[in-house]
Amino acid sequence: MTIKLDQESSENKIPSKDLILQTAYGLFLKKGYQSVSIKDIMEASKLSKGGIYHHFQSKELILFAVLDQYFFKELTIDKSEFHELTFKQRIQKVYMRGVGLFTMVESVGENGIKYPIRRLFHFQLECENFPELREQFRETAQAYTQSIQAIVFEGIQNNEVHKNLDPGTLSYQIVGMIEGIAVHNSTFKTNVGEMLIEKYENVFNSYFNFICPK
């Protein structure tokens, strides 16, 4: 997904909710949630105060909507996506969801955002100051891990993964590698998608040699 902050058409009396969310997301990533005001969102989107409040009654509600649109939904895994895919293809598809999050961040705004991995991590940590969001982050991470565990379990059942391996242990290893690749490469300034795909091929191809039958 590429996010461009298109300006509101002069013919539109009521601003687009998507425009508000896109603009706010870019500002939150660049400046941090606490440093962004409704006035900043108004000026960046060229919308009136009334236009903003027509859709959202507070900056906090904008934040919740931004996270729902650009984070939680992006990490929600639908099992139907894996129909007829092999174990390795399923793991790669899950990994690419994370790649999509970071490339989306990099594409925000006309000039994009530098160091997108670092920016997204900082934004997430700031958001976890809200107890309700912290719980939602926890639940999303738990569901993400459980989805990978289900993929591993089915891979064992289909003889795509060694039967003597524990699916729970493997799922935590896979989640750890996915997160670790991002953390250890958070200093990349641009083109993170290409870099993350290259890292996946290097790390996971070796890992699959250990856990998958020849």
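Over the ring of which residue does the charged end of Lys59 sit? In this model, which I should say at the outset is a predicted one, that ring belongs to Tyr33, and the charged end of Lys59 lies 4.1 Å from its centre. Tyr33 also has aromatic company, since ring pairs join it with Tyr25, Phe28, Phe64, Tyr70, Phe123 and Phe130 into a cluster. A second arrangement of charge and ring involves Arg118, whose charged end sits over the ring of Tyr115 at 4.9 Å from the ring centre.

Staying with the aromatic residues, the structure holds 17 aromatic pairs, and one of them is formed by Phe71 and Phe72, edge-to-face, with 5.5 Å from centre to centre and 85° between the planes. Phe71 and Phe72 are both buried.

Let me turn to the helices. The axis of helix α5, residues 87-107, comes within 9 Å of the axis of helix α7, residues 131-157, and the two cross at roughly 170°, which means that α5 runs roughly antiparallel to α7. On the α5 side the contact is made by Phe87, Arg90, Ile91 and Val94, and on the α7 side by Tyr144, Ile148, Ile151, Val152, Glu154 and Gly155.

Finally, a word on confidence. The chain has a mean pLDDT of 90, with 93% of its residues at 70 or more. Among the elements of the chain, the lowest mean, 91, belongs to helix α3, residues 49-55, and the highest, 96, to helix α9, residues 192-211. Over residues 4-15, however, pLDDT stays under 50, and for that stretch the model has 24 contacts beyond four places in sequence.

Methods
Residues numbered from 1 in each chain as written. Predicted model: local features only at pLDDT ≥ 70, side-chain atom pairs only at ≥ 80, totals over all residues. Heavy atoms only, no water. pLDDT = per-residue confidence, 0-100. Helix = DSSP H or I, 4+ residues; strand = E, 2+ residues; numbered from the N terminus. Contact = heavy atoms within 4.5 Å. Phe/Tyr/Trp six-rings, centres within 6.5 Å; stacked < 30°, edge-to-face > 60°. Buried < 20%, exposed > 50% of the residue type's maximum accessible area, 1.4 Å probe, protein only. Lys NZ or Arg CZ within 6 Å of the ring centre and 35° of its normal. Axes fitted to C-alpha atoms, helices over the stretch in contact; angles between N-to-C directions. Parallel < 35°, antiparallel > 145°, perpendicular 65-115°, else oblique.
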